[in-house]
Amino acid sequence: MNSESGMTDPVRLGSAVAGFPAGADTSSPPPRPETASAPPPDKRSRAVDALMHLAADRPWSDIEITDVADAAGLTLSEMRDLFPSKGAILDGFTRMIDKKVIEGTSADLVGEPARERVFDVVIRRLDAMTPYRRALRRIGYAMRGDLGSLAALNRSALNSARYMLAAAGVPSEGPLGYVKLQGLVIAQANVMETWFDDDDPTQAKTMARLDRELGRGERVLERAEDFRRLTAPLRALGQAVLDGRNRMRRRGRDRDTDGFDDGETKDPAAAI
């Protein structure tokens with residue numbers, strides 16, 4: 001699930017796997033959508049909402065944890081109990097969006113192909129993130145070269161993808177489970193690049209990009225499955241060799257302990 005050109009440079013890939021698009025331009029950001037005026041009721045949601053509102057208007061590196069606490073109406077002590085860092089708050093944002101998507105899942109698409117079910121889940125996820133589009137764009141731009149933060153965000157994005165596939169009724173375990181998860185993370189990040197600039201209420205460009213990304217993902221999975229089948233004999237042979245070596249090691253240990261009782265075997269001084 002690579003970019004449109006079929007090639008992905010390291011910086012672009014690093015941003016993509018984190019769930020944020022690479023190289024976002026903040027010089028002329030899209031209008032900030034309306035958000036609810038009433039603050040969220042629970043403290044965790046207030047902290048998440050406060051960070052995203054701050055990130056929509058201020059550089060990511062300028063936002064201190066005290067700023068988030070003040071904006072959320074929390075003491076620093078309360079903030080420490082909730083989140084250890086800004087990155088942890090971003091993970092809380094991801095979980096919040098996950099819950100909205102999962103809670104909105106219906107049984108209408110049960111009989112549809114897996115691709116259609118995943119398409120529906122991703123579109124509903126973008127809808128849930130719409131009030132935070134400006135903040136997400138700016139955060140993605142700020143983190144495009146921070147590989148440590150991107151790696152941490154990727155772990156969060158993979159967990160999110162697992163639940164998104166579950167909501168779509170697509171299994172994510174087994175030999176190809178990681179391929180599906182990472183592929184969905186990259187596909188969503190690529191789609192977000194188009195989504196950020198898609199002001200059309202019908203989101204036609206976004207949907208077309210998503211359809212292409214999912215089609216590309218299907219082809220990648222097909223090739224991965226073919227490769228897995230072709231290499232099955234080699235993997236079986238390798239496992240047999242490994243099992244044989246383990247048996248030989250156990251037999252060697254058994255011979256070394258012949259003639260010693262349990263106490264002598266356990267006592268290093270017995271060999272003196």
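This report covers the fold, selected helices, two pockets and several individual residues of a predicted model.

## Overall fold

The protein chain has 12 helices and 0 strands. Read from one end to the other, the pattern is α-α-α-α-α-α-α-α-α-α-α-α. The chain has 272 residues, and 40% of them count as buried.

Contacts reach far along the sequence. Take the contacts between residues at least 6 apart: 71% of these join residues at least 24 apart. The exposed surface of the protein chain is about 15,500 Å². Carbon and sulfur atoms supply 55% of that surface.

## Helix α3 and its end

Helix α3 spans residues 65–72. Its buried residues are Asp67, Val68, Ala69 and Ala72. They pack against three elements: α2, α4 (76–82) and α5.

Gly73 follows α3. The phi of Gly73 is positive, near 70 degrees.

## Helix α6

Helix α6 runs through residues 114–129, which makes 16 residues. From first C-alpha to last, α6 reaches 23 Å. That is close to the 22 Å expected at 1.5 Å a residue.

The buried set of α6 includes the charged residues Arg117, Arg124 and Arg125. Also buried in α6 are Val118, Phe119, Val121, Val122, Ile123, Leu126, Ala128 and Met129. Two of these buried residues come up again below. Val118 is among the residues nearest the centre of the largest pocket, and Arg125 is touched by Thr94.

## The largest pocket

The largest pocket has a volume of about 280 Å³. Its lining is made up of 12 residues. Nearest the centre lie Val118, Leu165, Val170, Glu218 and Leu221. Elements giving two or more residues to this lining are α6, α9 (177–196) and α10 (204–230). The most comes from α10, with 4 residues.

By class, the lining of the largest pocket has 8 nonpolar, 1 polar and 3 charged residues.

## The second largest pocket

The second largest pocket has a volume of about 230 Å³. Its lining includes Asp42, Arg44, Ser45, Val48 and Phe83. Gly92, Arg95, Met96, Lys99, Lys100 and Glu103 also line this pocket. Two elements, α2 (43–57) and α5 (86–103), give two or more residues to the lining. Here α5 gives the most, with 6 residues.

The class split of this lining is 3 nonpolar, 2 polar and 6 charged residues.

## Thr94 in helix α5

Thr94 lies in helix α5. It counts as buried because its relative accessibility is 16%, and the cut-off for buried is under 20%. Leaving out residues up to four places away in sequence, Thr94 touches Arg125, Ser156 and Ser160.

The pair Thr94 and Ser156 links distant parts of the sequence. These residues are 62 apart along the chain. Their C-alpha atoms are separated by 7.5 Å.

## Asn154 in helix α8

Helix α8 covers residues 147–167, and Asn154 lies in it. Asn154 is buried, with a relative accessible area of 11%.

Asn154 is 32 residues from Ile186 in sequence. In space the two are 9.8 Å apart, C-alpha to C-alpha.

## Thr194 and the α9–α10 loop

Thr194 sits in helix α9. At 19% relative accessibility, Thr194 counts as buried, because the cut-off is under 20%. Setting aside neighbours within four places in sequence, Thr194 is in contact with Lys205, Thr206 and Arg209. From Thr194 to Met207 is 13 residues in sequence and 9.2 Å in space, C-alpha to C-alpha.

Gln203 belongs to the loop between α9 and α10. Gln203 is buried too, with a relative accessible area of 11%. Its phi is near 55 degrees, a positive value in a residue other than glycine. Most residues other than glycine have a negative phi.

Terms used. Residues numbered from 1 in each chain as written. Predicted model: local features only at pLDDT ≥ 70, side-chain atom pairs only at ≥ 80, totals over all residues. Heavy atoms only, no water. Expected span 1.5 Å × (residues − 1). Buried < 20%, exposed > 50% of the residue type's maximum accessible area, 1.4 Å probe, protein only. 1 Å grid on protein atoms, 1.4 Å probe; cavity = no way out; pocket = protein on both sides within 12 Å on 5 of 7 lines; lining within 4 Å. Points joined across faces, edges and corners; volume = space filled by probe spheres on them. Contact = heavy atoms within 4.5 Å. Areas by Shrake-Rupley, 256 points an atom, 1.4 Å probe, with all protein chains shown as cover.
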